[in-house]
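Trainee: Could you take me closely through one part of this model, and then set that part in its surroundings? I would like a connected account rather than a list.

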Amino acid sequence: MAEKSVVVIGIDDSEQSIYALEWALDHFFVPLGSDSIFKLVIVHAQPTPSSVVGLAGPGAADVFAIVQVDLTKISKRILEKAKEICIGKSVNDDVLFEVVEGDPRSVLCEAVEKHHATMLVVGSHGYGAIKRAVLGSVSDYCAHHAHCSVMIVKKPKIKH
C-alpha cells in the first residue's frame, strides 16, 4: 500500500479554525468504514509566556510560571475540542495531535516540513487590511512560505 499523504491543519481557539477543521474533515476524510488516503496532523501553536506577558523585572519568573500553566490548559482544551470533532466525524485513525510553542506562522511551516505534508489547512480570520498589517496574517504568511499547497478556509458570513 502506498504511503498516505499528510494534511496538516492549524488550529487555535477561534471559530474560524474550528470551522476550517470541520470543513477539511468533511471534504478530505471519508466516512467510517473506508480508508482515507490522508494522514492528519492537527497542530496548535502555543504562545510563549514572554510573548503574552512581555515584561521583565522582579517577580517576572513567578508571572511567567503562572502564564505557562494557563497557556498549557488552553492548549489542552483546544486539542480536546479538536479530538471531539474528529471523533464526531468518525476520523479516528491516522490522526496526530501536536502542541508546539512558538509563533503560529513558523510553527505551521515547520510542521509542514517535519511531516512532509502535501497540504496545510488554515482558517481565515477575515481581518481587514489595517488589522492584518498590524497583527500579521498567519494564512498569508503560510501561503507564501509553506512548502506545500495551502488551503485557506473562510467561514461564510451570515447574511442578515
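Mentor: Histidine 116 sits in the loop that links helix 4 to strand 4, and in this predicted model its phi is near 55°, a positive value in a residue that is not glycine. Because its relative accessibility is 64%, and exposed means over 50%, histidine 116 counts as exposed. On one side of this loop, helix 4 (residues 104–115) lies across strand 1, strand 2, strand 3 and strand 4, and runs at about 150° to strand 2. On the other side, strand 4 (119–124) is also touched by helix 1 (residues 15–28), whose direction makes about 140° with that of strand 4; helix 1 packs on the sheet and has strand 1, strand 2 and strand 5 among its contacts as well.

The sheet itself is open and is formed by five strands in the order 3-2-1-4-5, with parallel pairing. Strand 3 (95–101) and strand 5 (149–154) stand at the edges, and since each has a single partner strand, one side of each is left without a neighbour in the sheet. From one strand to the next, the twist averages 25°. Within this order, strand 1 (residues 5–11) and strand 2 (residues 38–46) run parallel and are joined by seven bridges, with valine 41 in strand 2 as the bridge partner of valine 8.

A positive phi also occurs at serine 90, about 60° although this residue is not a glycine. Serine 90 belongs to the loop between helix 3 (60–88) and strand 3, and with a relative accessibility of 29% it counts as partly exposed.

Definitions and conventions. Residues are numbered from 1 along each chain as its sequence is written. This is a predicted model: local features need pLDDT of at least 70, side-chain atom pairs count only at pLDDT 80 or more; totals for chains, interfaces and linings use all residues. Side-chain values use heavy atoms; hydrogens and water are left out. Two strands pair if DSSP finds at least two bridges between them. Helices (H or I, at least four residues) and strands (E, at least two) are DSSP runs, numbered from the N terminus. Axes are lines fitted to C-alpha atoms, for helices over the stretch in contact, and angles run from 0 to 180 degrees between N-to-C directions. Contact means heavy atoms within 4.5 Å. Buried means under 20% relative accessible area, exposed over 50%, partly exposed in between (1.4 Å probe, protein chains only).
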